[in-house]
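Okay, thanks everyone, let me get the structure up on the screen. I'll talk through a few spots and then we can chat.

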Amino acid sequence: MSSAFDDGVLDQLAELHLSILPDSLISLLGARFVRQFYRYVAGTRTEHLGLELQGDHVIGGYLLTEAPNTLFWRLLFTTDLVLRAPLALVSPPLLRAIVEKVKSKGTRQDNTLPELLLIYVAESHRKKGVGMRLLNDCTARVRSIGYFGYYVRTYDDPNDATHRFYNRATFVRTGTIVHGGRPMAILEKQILDSTELG
Ligand SMILES: CC(C)(COP(=O)(O)OP(=O)(O)OC[C@H]1O[C@@H](n2cnc3c(N)ncnc32)[C@H](O)[C@@H]1OP(=O)(O)O)[C@@H](O)C(=O)NCCC(=O)NCCS
C-alpha cells in the first residue's frame, strides 16, 4: 500500500477510475476533470486516498471522505466543474447525476461518519485479495483519524459481487436510498477495537 501521491500516480488513479467506473458522475464530466478531481482530493485534509502499486503501476485505489455532504460543492468552487455544467445539457446521465447530487446533499442525516466513496481494482488484478487489502487499509485509516466506523453506498442486491465484497468485510446494511432510479443500500462498517483492523 502506498501513500505517495505525485502527479503521475494521481493521473494513473484517474485513468483507472475512468476505465472501471465510466458511468460515475466524475467520469461523465470528462478525463480532464477526473485528473483535476484526484489532484484536488489528494490535497485536502478531509479526503483520504489509498492505492496499491505493482511496480510503478497503480492497480487499485480508494477514496474516503470525512465530508461527503460538501465535497461536490467544494469541487464546484475549486475546479472548473462549473464550466462543465453545459455538458449536462447534452448528456442525460450527467444531468440526472448532477440533479441527484444537488437534491441528496449527502445520504446520512447525522453526517457523523466518513464515507468510502470509491474503491476499485484493475480488472486483470481482481480476485487476488487486492480489494480486501485496500478495504483493510481504509479501515485502519478511519480508525487512525478517530472514527469508529464508516459507510458505503452500493446496489441493494446481496448477490451483487460488490455487495458480497462488503458483506465479507462485515459491513452491515443500515438503510436505503434511491439513486439513478435504483435502490441503493447504505452499508456501515463498525470498528470496535484494534482487532477489527485486519
Ligand atoms: C469490488 C472490487 C474492488 C473487489 O476487488 P478485488 O481485488 O477483486 O477483491 P478481492 O480479491 O479482495 O475479493 C474479491 C473476490 O475474490 C476472492 N479472492 C480473493 N483472493 C483470492 C484468491 N487468492 N484466489 C481466489 N479467490 C480470491 C474473494 O474471496 C472474493 O470472492 P467473492 O466475490 O465471492 O466475495 C472489484 O471487483 C472492483 O474494482 N469492482 C469494480 C468497481 C466497483 O464496482 N467498485 C465499487 C463501487 S466504487
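So, the ligand. This is a predicted model, and in it 17 residues surround the ligand. The closest ones are Val121, Arg126, Lys127, Gly131 and Met132. Where does the shell come from? Strand S3, residues 115-121, helix H8, 130-144, and helix H9, 161-168, each supply at least two of its residues. And which element gives the largest share of the shell? That's H9, with five residues. If you're thinking about the chemistry around the ligand, the shell splits into nine nonpolar residues, three polar and five charged.

Okay, on to the strands. Have a look at S6, residues 182-190. Strand S4, residues 149-155, runs antiparallel to S6, and seven bridges join the two. To pick out one pair there, Tyr155 has Met184 in S6 as its bridge partner. Then there's S5, residues 172-179, which is also antiparallel to S6 and also joined to S6 by seven bridges. In that pairing, Gly175 is partnered with Ile186 of S6.

Last bit, the helix pair. H1 covers residues 7-20 and H3 covers 31-42, and their axes sit 9 Å apart at an angle of about 130 degrees. How do we class that? Oblique counts as neither over 145, which would be roughly antiparallel, nor 65 to 115, which would be roughly perpendicular, so H1 and H3 are oblique to each other. The crossing of H1 and H3 is right-handed. On the H1 side of the contact you've got Leu10, Asp11, Leu13, Ala14, His17 and Leu18, and they meet Ala31, Val34, Arg35, Tyr38, Arg39 and Ala42 in H3. By type, the residues of that contact are eight nonpolar, one polar and three charged.

Right, that's my tour, over to you.

Key: Residues numbered from 1 in each chain as written. Predicted model: local features only at pLDDT ≥ 70, side-chain atom pairs only at ≥ 80, totals over all residues. Pairing = 2+ DSSP bridges. Helix = DSSP H or I, 4+ residues; strand = E, 2+ residues; numbered from the N terminus. Near = placed C-beta within 6 Å. Nonpolar A, V, L, I, M, F, W, Y, C, P; charged D, E, K, R; others polar. Axes fitted to C-alpha atoms, helices over the stretch in contact; angles between N-to-C directions. Parallel < 35°, antiparallel > 145°, perpendicular 65-115°, else oblique. Left-handed = near helix turned anticlockwise from the far one by under 90°. Contact = placed C-beta atoms within 7 Å.
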